[in-house]
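This briefing goes through the fold, the cores and a handful of individual residues of one protein chain. Please keep the coordinates open beside the text while reading.

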Amino acid sequence: QRRPPGEAALNASLPHQADDWAAMASPLKIGIAGLGTVGGAVARLLEQQREALAARCGRAIEVVAVSARSRSKRRDFDHKRLRWVADPVALATDRGIDVFVELIGGEGDPAKAAVAAALAAKKSVVTANKALLARHGTALATVAEKNHVALDFEALAMKGGRDMGSIARRSSDSWTLIASGRTGHSSGVGRPDYGAIYELARIIDAFRREVGEGGLEEHPGPRL
């Protein structure tokens, strides 16, 4: 009788899955450039809602480093416990962060240089910089696609005379979908009551087909 593979053998045969599991077990490390009204609020809310975000995302989210023009300025969150990086471009490529959040503003440098550097370093970027996206969005998106990382934005920008924006997650990010099914042998997969995961897939697919609208996308969150 063949014995099931041990953990070492399983990890050796599934290297990419093992890497993904290890990454999900560690916090997602955020670097924020720009600590004005928006940047300060983002840092504060990520700290205040860290437990709720970890429960919803399946992974802790931590702000670990920040950058701004003035280190001594009073702010409405405790930035002194975070690592300070004077140069936003250096923060964008810092090995200690996973995602770079650009909240500096302006269509030129240092915002443009920092975002471009982060994408080139294969780090996903989140920005609310409308001017930057309107002027350089296509070029930056090309860099992001080449390096297989995300360039995400909440602000609206113009592209080809059309308003472009990332808006859908605001509408349904608090929904929780729960499905249940009876356990059984795999031979019963063709039955009409064939399990929770299939029911979840059916509901999500129906949502996509029936609620979809041209130019919009929907991305289901973590499933357990």
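Leaving aside neighbours within four places in sequence, which residues is Leu151 in contact with? In this predicted model, Leu151 is in contact with Val115, Val125, Thr127, Leu133, Gly137, Leu140, Ala141 and Ala144, once neighbours within four places in sequence are set aside. The secondary structure of the protein comes to nine helices and eight strands, and buried residues make up 28% of its 224 residues. Of the contacts between residues at least 6 apart in sequence, 59% join residues at least 24 apart.

**Nonpolar cores**

- Leu151 is one of the residues with the most contacts inside the largest nonpolar core, a set of 20 residues, and it shares that standing with Leu91, Phe100, Val115, Leu119 and Val125.
- At least two residues of this core come from each of helix H5 (88–92), helix H6 (111–120), helix H7 (130–146) and strand S6 (151–153), and H6 gives the most, with five residues.
- Another core lies apart from this one and has 16 residues, including Leu35, Leu53, Phe77 and Val99.
- As background to both sets, nonpolar side chains in soluble globular proteins tend to be buried together.

**Packing of H6 against H7**

- Two packed helices are described by the angle between their axes and the distance between the axes.
- For H6 and H7 the angle is about 15° and the axes are 10 Å apart; because angles under 35 degrees count as roughly parallel, H6 is described as roughly parallel to H7.
- The crossing of these two helices is right-handed.
- On the H6 side the contact is made by Ala111, Lys112, Val115, Ala116, Leu119 and Ala120, and on the H7 side by Leu132, His136, Leu140, Val143 and Ala144.
- Val115 and Leu119 of this contact are also among the residues with the most contacts inside the largest nonpolar core, while Val115, Leu140 and Ala144 recur in the contact list of Leu151.

**Two buried strand residues**

- Val101 has its place in strand S4 (residues 99–102), and it counts as buried because its relative accessibility is 10%, where the cut-off for buried is under 20%.
- Not counting residues up to four places away in sequence, Val101 touches Ile30, Gly31, Ile32, Ala33 and Val126; of these, Val126 is 25 residues away in sequence, with a C-alpha to C-alpha distance of 4.8 Å.
- Ser67 lies in strand S2 (residues 61–67) and, at 3% relative accessibility, likewise counts as buried.
- Beyond its neighbours within four places in sequence, Ser67 is in contact with Ile32, Ala33, Gly34, Leu35, Val85, Ala86, Asp87, Pro88 and Leu91.
- With Ala86 there is a specific polar pairing to inspect, since a polar atom of the Ser67 side chain lies 3.4 Å from the backbone oxygen of Ala86.
- Ile32 and Ala33 appear in the contact list of Val101 and again in that of Ser67.

**A partly exposed proline**

- Pro27 is placed in the loop between helix H2 (15–25) and strand S1 (28–33), and at 24% relative accessibility it counts as partly exposed.
- Apart from neighbours within four places in sequence, Pro27 is in contact with Arg59, Ala60, Glu62 and Asp98.
- Glu62 is 35 residues from Pro27 along the chain, yet their C-alpha atoms are separated by 6.4 Å.

**Backbone geometry worth checking**

- Most residues other than glycine have a negative phi, and most peptide bonds are trans.
- The peptide bond from Asp109 to Pro110 is cis, with omega near 10°, and Pro110 is found in the loop between S4 and H6.
- Lys122, in the loop between H6 and strand S5 (124–127), is a residue other than glycine with a positive phi, near 65°, and it counts as exposed at 58% relative accessibility.
- His148, in the loop between H7 and S6, is not a glycine either and has a positive phi of about 60°; its relative accessible area of 74% makes it exposed.

Conventions: Residues numbered from 1 in each chain as written. Predicted model: local features only at pLDDT ≥ 70, side-chain atom pairs only at ≥ 80, totals over all residues. Heavy atoms only, no water. Core = buried A, V, L, I, M, F, W, Y, C linked by side-chain atoms within 4.5 Å. Buried < 20%, exposed > 50% of the residue type's maximum accessible area, 1.4 Å probe, protein only. Helix = DSSP H or I, 4+ residues; strand = E, 2+ residues; numbered from the N terminus. Contact = heavy atoms within 4.5 Å. Polar contact = N/O pair within 3.5 Å; in protein donor to acceptor, adjacent residues only side chain to side chain. Axes fitted to C-alpha atoms, helices over the stretch in contact; angles between N-to-C directions. Parallel < 35°, antiparallel > 145°, perpendicular 65-115°, else oblique. Left-handed = near helix turned anticlockwise from the far one by under 90°.
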